[in-house]
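Q: Please take a close look at one part of this model, with the salt bridges as the topic. I would like the account to go from the backbone framework to the side chains.

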Amino acid sequence: MVATRATTRVLLVDDESLVRRILKQILAAYQDVELVGEAANGEEAIAAVAKLQPDIVVMDIRMPALDGIAASRVIREKYPHVKIIGLSEYAYSYNIDAMERAGAVGVYLKSMALEELYPAIKAAHGC
């Protein structure tokens, strides 16, 4: 029998440090969410997933070095148990479609993170 974890381990990935700081503040309000790390681009995200083993990756779509779509594809191939939630400034259907094809369980607007991020994390983690 596998023991269940009381917390959901989350990795934040966004190239803007201010956005990461705001997301951290949002998630700090929830005792059942543990922020295990941050990354500023897709390459860092892949390395962080290997090292930190999060349950959920909250992934920006547009980033330098390696964007969230390409990084999500790699993470889902290497770590299929890790769930990815996409974040975007703009709700362009091609961004949403591309992220979902890359393995994201959903894509949300950054402007709605306060209301939607925690429920999205809990849904993705199966709670």
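A: What follows covers the strands first, then one residue on a strand, and then the charged pairs.

The model is predicted. At the N-terminal end, strand β1 (residues 8–13) runs parallel to strand β2 (residues 33–39), and six bridges join the two. Together with helix α1 (residues 17–28), β1 and β2 form a β-α-β unit, and its hand is right. A right-handed unit of this kind is also made by β3, helix α3 (residues 68–78) and β4. Strand β3 (residues 56–60) pairs with β4 in the parallel sense, over five bridges. One of the pairings there sets Ile56 against Lys83 in β4. Strand β4 in turn runs parallel to strand β5 (residues 104–109), again with five bridges. In that pairing Ile85 has Gly106 of β5 as its bridge partner. Strand β4 covers residues 83–88, and five of its six residues are buried.

Thr8 is part of strand β1. Across in β2, Thr8 stands opposite Val33. With a relative accessibility of 1%, Thr8 counts as buried, because the cut-off for that class is under 20%. Leaving out residues up to four places away in sequence, Thr8 touches Asp32, Val33, Glu34, Asp55, Ile56, Ile121, Lys122 and His125. With His125, the side chain of Thr8 also makes a polar contact of 3.1 Å. The contact list of Thr8 includes Ile56, the residue that is the bridge partner of Lys83.

Next come the charged pairs. The count of salt bridges comes to seven. One of them joins the side chains of Asp14 and Lys110, at 2.8 Å from N to O. Asp14 sits in the loop between β1 and α1, while Lys110 sits in the loop between β5 and α5 (113–124), so this pair ties together parts that are 96 residues apart in sequence. Both ends of this salt bridge are buried: Asp14 has a relative accessible area of 0%, and Lys110 has one of 16%.

Lys110 also meets Glu89 in a salt bridge, with an N to O distance of 4.0 Å. This pair links distant parts of the chain, 21 residues apart: Lys110 in the loop between β5 and α5, and Glu89 in the loop between β4 and α4 (93–101). Glu89 counts as partly exposed, at 45% relative accessibility, whereas Lys110 is buried. Asp14, Asp60, Glu89 and Lys110 are linked in a network of salt bridges. In that network, Lys110 has Asp14 as a partner at 2.8 Å and Glu89 as a partner at 4.0 Å.

Another salt bridge lies within the β1-α1-β2 part of the chain. There the side chains of Glu38 and Arg20 meet at 2.8 Å, N to O. Glu38 belongs to strand β2 and Arg20 to helix α1, and the pair links parts of the chain 18 residues apart. Arg20 is buried at a relative accessible area of 13%, but Glu38 is partly exposed at 34%.

To sum up the charged pairs: the Asp14–Lys110 salt bridge joins two buried residues, while the Glu38–Arg20 salt bridge joins a partly exposed residue to a buried one. The Lys110–Glu89 salt bridge likewise has a buried end and a partly exposed end.

How values were computed
Residues are numbered from 1 along each chain as its sequence is written. This is a predicted model: local features need pLDDT of at least 70, side-chain atom pairs count only at pLDDT 80 or more; totals for chains, interfaces and linings use all residues. Side-chain values use heavy atoms; hydrogens and water are left out. Buried means under 20% relative accessible area, exposed over 50%, partly exposed in between (1.4 Å probe, protein chains only). Helices (H or I, at least four residues) and strands (E, at least two) are DSSP runs, numbered from the N terminus. Two strands pair if DSSP finds at least two bridges between them. A crossover is right-handed if, with the strands pointing away from the viewer, the path from the first strand over the helix to the second runs clockwise. A polar contact is a pair of N or O atoms within 3.5 Å; within protein, one must be able to donate a hydrogen and the other to accept it, and residues adjacent in sequence count only if both atoms are side-chain atoms. Contact means heavy atoms within 4.5 Å.
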